[in-house]
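Open your viewer, load the model and get ready to click. This short tour suggests what to select next and tells you what is there.

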Amino acid sequence: MSEPKARDWATTAEVCEAAGVATSTAFDWSKKGVLPTYKTIAGGRRGRSSRWPAHAPAQARWVAGMLEQGFTFDEIRESLAAGEFTGGK
């Protein structure tokens, strides 16, 4: 019996739960460049859904922590560019 394949993506719900934020906040953070870009998937009857890179929940949790510490979005983007977030990439 083979091992189940690990997903290489996360759901919006997983991203939001990790950071304790609403769906709209996760999408806003992505637009602001502090979360990775997501891919919109047509779900037929279930409507549309989004898939995020597998590390997105960890990054969302990290971003939430940075914001709680008083960092601005500009500072968080600078930290990301400097490689300060290393969780799961």
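We begin with the whole chain and then visit its parts one by one.

**Stop 1: the whole chain**

Keep in mind from the start that this is a predicted model. Show the cartoon and colour it by secondary structure: the protein has 4 helices and 3 strands. Following the chain from the N terminus, you meet them in the order β-α-α-β-β-α-α. Now switch on the surface. The accessible area of the protein is about 6,000 Å², and carbon and sulfur atoms account for 49% of that area. Of the 89 residues in the protein, 31% count as buried. How much of the contact in the protein, at a separation of 6 or more, joins residues 24 or more positions apart? The share is 52%.

**Stop 2: the largest nonpolar core**

Hide the surface and select Val15, Trp29, Leu35, Trp52, Trp62, Val63 and Ile76 as sticks. The largest nonpolar core has 19 residues, and these are the ones that touch the most other members. Which helices each supply at least two residues of this core? They are H1 (12-19), H2 (23-31), H3 (56-68) and H4 (73-81). H3 gives the most, with 6 residues.

Stay with isoleucine 76 for a moment. Apart from neighbours within four places in sequence, isoleucine 76 is in contact with Val34, Trp62, Val63, Met66, Leu67 and Phe71.

**Stop 3: helix H4**

Next, select H4. Its buried residues are Ile76, Ser79 and Leu80. Turn the model until you look down the axis of H4: the buried residues fall within an arc of 100 degrees, so they line one face of the helix. A general point helps here: an α-helix has 3.6 residues a turn, so residues three or four places apart point the same way.

What do the buried residues of H4 pack against? Show H3, because you will find that they pack against that helix. On the face of H4 turned away from the buried side, look for the exposed residues Glu78 and Ala81. Just after H4, click on glycine 83, which takes a positive phi of about 85 degrees.

**Stop 4: helix H2**

Move on to H2, and colour Ala26, Phe27, Trp29 and Ser30, the buried residues of this helix. Seen down the axis of H2, they fall within an arc of 160 degrees, so they too line one face of their helix. These buried residues pack against H1, E3, H3 and H4. The face turned away from the buried side of H2 carries the exposed residues Ser24 and Lys31. Glycine 33, just after H2, has a positive phi of about 85 degrees.

**Stop 5: where H1 meets H2**

Keep H2 on screen and add H1. The axes of the two helices come within 9 Å and cross at roughly 95 degrees. That makes H1 roughly perpendicular to H2. To see the meeting place, select Thr12, Val15, Cys16 and Ala19 in H1 together with Thr23, Ala26, Phe27 and Trp29 in H2.

**Stop 6: the loop after H2**

Select lysine 32, in the loop between H2 and strand E2 (39-42). Is lysine 32 buried or partly exposed? At 33% relative accessibility, lysine 32 counts as partly exposed. Leaving out residues up to four places away in sequence, lysine 32 touches Phe73 and Arg77. Try the distance tool on the C-alpha atoms of lysine 32 and aspartate 74: these residues are 42 apart along the chain, and the separation is 9.0 Å.

**Stop 7: two residues on strand E3**

Finish on strand E3, where you will find serine 50. Serine 50 is buried, with a relative accessible area of 10%. Beyond its neighbours within four places in sequence, serine 50 is in contact with Ala10, Thr11, Thr12, Phe27, Tyr38, Lys39 and Thr40.

Then click on proline 53, in strand E3 (residues 48-53). Proline 53 is partly exposed, with a relative accessible area of 24%. Not counting residues up to four places away in sequence, proline 53 touches Asp8, Trp9, Ala10, Pro36 and Thr37. As a last click, pick threonine 11: from proline 53 this residue is 42 residues away in sequence and 8.8 Å away in space, C-alpha to C-alpha.

Note on methods:
Residues numbered from 1 in each chain as written. Predicted model: local features only at pLDDT ≥ 70, side-chain atom pairs only at ≥ 80, totals over all residues. Heavy atoms only, no water. Core = buried A, V, L, I, M, F, W, Y, C linked by side-chain atoms within 4.5 Å. Buried < 20%, exposed > 50% of the residue type's maximum accessible area, 1.4 Å probe, protein only. Contact = heavy atoms within 4.5 Å. Areas by Shrake-Rupley, 256 points an atom, 1.4 Å probe, with all protein chains shown as cover. Arc of directions from axis to C-beta. Axes fitted to C-alpha atoms, helices over the stretch in contact; angles between N-to-C directions. Parallel < 35°, antiparallel > 145°, perpendicular 65-115°, else oblique.
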